[in-house]
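Please work through the exercises below with the model open beside you, and try each task before reading its solution.

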Amino acid sequence: MTWWPRNSFYAPWRRSTGDSTRVPTPPRLGPWLRELFSDIRVEYLCIPLTLLAVVHLAGVMLFPGGYNSVLNARSGSVFSYLTYFPATDILGFPGAGESRAFLLYKIYAQNGEVLEGTFPDPRVKPYLRYERWAAAGNLSTGELADVHASIMTFLVSQLPEPPLRIEMFAARWVWDHNKFTFPWRGFNRDNALELHLLGTYNGLTRVWRPAGKGAER
Amino acid sequence: MTPPSSPWADALRAWLTFWFQPVSMAQLALMRIGTGLVLLYVLFVASFDLEAHFGVDGWGEEAALRGLNPLAWPFSILHWFPNPFWLWAVHVLAVVVAVAFLIGILPFWSGSLMLYFLLSYSHRNPAVLVGMDSLLWLVLFYLLLTPCGRMFGVMASPPPPSTDYLPGLDSRKEGPHWEGFPVRVLQLHLCILYFLAGLAKLTPDWLAGTAFWHPRLVETGVPLAQETLRAHPEWSALVIYGVVLFLFFFPVLVWMRRFRYLMLGAAVAMHLTLGLMWGHFPVHLLMLVMLLAFVDPLHLDAALQRALRWFGWLPAAGPVRP
């Protein structure tokens, strides 16, 4: 690709070949780039791309759910945004639907009635909706005082009248797998329930008081 | 005259052929439609508890939940609109984008935007994340990198006025098939997921063969024949160990041509059974959509062509195209 002036001072020998003496045009970027990179085949991009995919998949294998429970380390890759969720099982996957922990609350109403509810409510349909509430309930059973207070505020706002007192528990199903007990039908569920008091809401003072560590009920 | 080949060149060619195999456009389109339908379902179900989970008056205050998210930059569009009206506006916009993805309007852009919305919901309240969310992120991420809007979409090029159906597979194209690369990564990612799901099942519940009668499943009204299981506990153990073994063997056997359709058939049976019995149907439907990536493109095109002819949506077969 000759773009220099053929009859210029810099190439006087070209005059003798009988070349044209037209006014030179500046180089066009597109053809120049095409010519420059013509030797580089786009197929060569395939190789680094496949290596990148191998690294990505190795990351998926080592950090399922963006987290490795053995190394207790979280994936630092950009893709961890796509694989992140709060770990609820050994591999870092959410297993809320099958988890054993949930929130249980007892509401002492002004008329003396005691209402018991769980977080999640098993009557919620469809299953995906229940599963989200179950994930929330499962996660909230941890040592998360701010979240407990936030849930209590939400509960109080949902009640038709202010309660006298609310007690919130972290509940857990515990049963002997080798015996026909609950959850088989016909067995008492309360025997398989382990409760741990998280805090108490006083309806008179409107104060939420978290329970100390090891408070059992 | 064929060019001289060396073992290294052959290995490199085999490596690249593995990653850049042709994919049927019909296959990608079916995956897009399936994912779009599940997306719409997820957004519809999220509408019931939108303000409770993501609103300012919901159960999880933003400051309290932020501690749960270890990511350095938990971005979310919902952080910008702490107001029920705008929360609903964003949700409606997400539904519109999901419809656009479903019907194939600029799938790359609508898919990217949808991924952004899904991540926004998750980062606003990470406590309500479930397995379905992570699967949706994955399939969206890989699908939006493919030309999944070329068939069965409003922006698809019209079919040629011929008597026979033009298959979505363009195997005559020279060079690497770039559209096959994300699909191959998705296949490998799925294999890893199956293997890890098998590992996650190595818990006392599953190893004792009692996963069927978990309290959660019982209290949500799963239709289990408890009396039969109680009389024959070996049946439930058989099914449970069968599932675990399948999850371990699927990632290996699905790559063997002889066992591929056997594995896919077993996967379809397992997902349909679990979906119908345990009420997880949408998440298992999404798994079936992802498993479409394993079907041979030629087989899928032929089956689709036959199905369309059977329904009368395609004229009878004409002369074979040269």
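**Exercise 1. Decide whether F18(B) is buried, partly exposed or exposed, and then describe its ring pairs.**

Solution. In this predicted model, F18(B) has a relative accessibility of 29%. Buried would require under 20% and exposed over 50%, so F18(B) counts as partly exposed at its 29%.

The next step is to turn to the rings. The ring centres of F18(B) and W255(B) are 6.0 Å apart and their planes stand at 50°, so this pair is tilted. The pair joins distant parts of the chain, since F18(B) belongs to helix α1 (residues 7-19) of chain B while W255(B) sits in the loop between α12 (233-253) and α13 (257-278) of chain B, 237 residues apart. W255(B), at 27% relative accessibility, is likewise classed as partly exposed.

For the wider setting, the search of the whole structure gives 24 aromatic pairs over all chains. Among these is F18(B) with W19(B), whose ring centres lie 5.4 Å apart with planes at 85°, so that this pair is edge-to-face. W19(B), at 3% relative accessibility, counts as buried. Ring pairs also bring F18(B), W19(B) and W255(B) into a cluster whose members include W15(B), F20(B) and F181(B).

**Exercise 2. Establish which residues T50(A) contacts, leaving aside its neighbours within four places in sequence.**

Solution. Begin with the position: T50(A) lies in helix α2 (residues 46-62) of chain A, and with a relative accessible area of 0% it is buried. Its contacts, apart from those sequence neighbours, are W15(B), L16(B), W19(B), F20(B) and F181(B). Of these, W15(B), W19(B), F20(B) and F181(B) are also members of the ring cluster from the previous exercise.

**Exercise 3. Describe the largest cavity by its volume, its lining and the classes of its lining residues.**

Solution. The whole structure holds 6 cavities of 30 Å³ or more, and the largest encloses about 110 Å³. Its lining includes R132(A) together with residues of chain B such as V42(B), F54(B), Y121(B) and D133(B). The elements that contribute two or more residues to this lining are α2 (25-48) and α6 (107-124) of chain B. Sorted by class, the lining consists of 8 nonpolar, 2 polar and 2 charged residues.

A final step is to turn to the second largest cavity, with a volume of about 70 Å³. F54(B) appears in its lining as well, and the lining residues divide into 6 nonpolar, 3 polar and 2 charged.

Technical notes. Residues are numbered from 1 along each chain as its sequence is written. Chains are lettered from A and ligands numbered from 1 in the order in which they are written. This is a predicted model: local features need pLDDT of at least 70, side-chain atom pairs count only at pLDDT 80 or more; totals for chains, interfaces and linings use all residues. Side-chain values use heavy atoms; hydrogens and water are left out. On a 1 Å grid over the protein atoms alone, a cavity is a set of points where a 1.4 Å probe fits but cannot get out, and a pocket is an open set with protein on both sides within 12 Å along at least five of seven lines; lining residues have an atom within 4 Å of a point. Grid points are joined across faces, edges and corners, and a volume is the space filled by probe spheres set on the points. Helices (H or I, at least four residues) and strands (E, at least two) are DSSP runs, numbered from the N terminus. Ala, Val, Leu, Ile, Met, Phe, Trp, Tyr, Cys and Pro count as nonpolar, Asp, Glu, Lys and Arg as charged, and the others, Gly among them, as polar. Buried means under 20% relative accessible area, exposed over 50%, partly exposed in between (1.4 Å probe, protein chains only). Contact means heavy atoms within 4.5 Å. Rings of Phe, Tyr and Trp (its six-membered ring) pair if their centres lie within 6.5 Å; planes under 30 degrees apart count as stacked, over 60 as edge-to-face and the rest as tilted.
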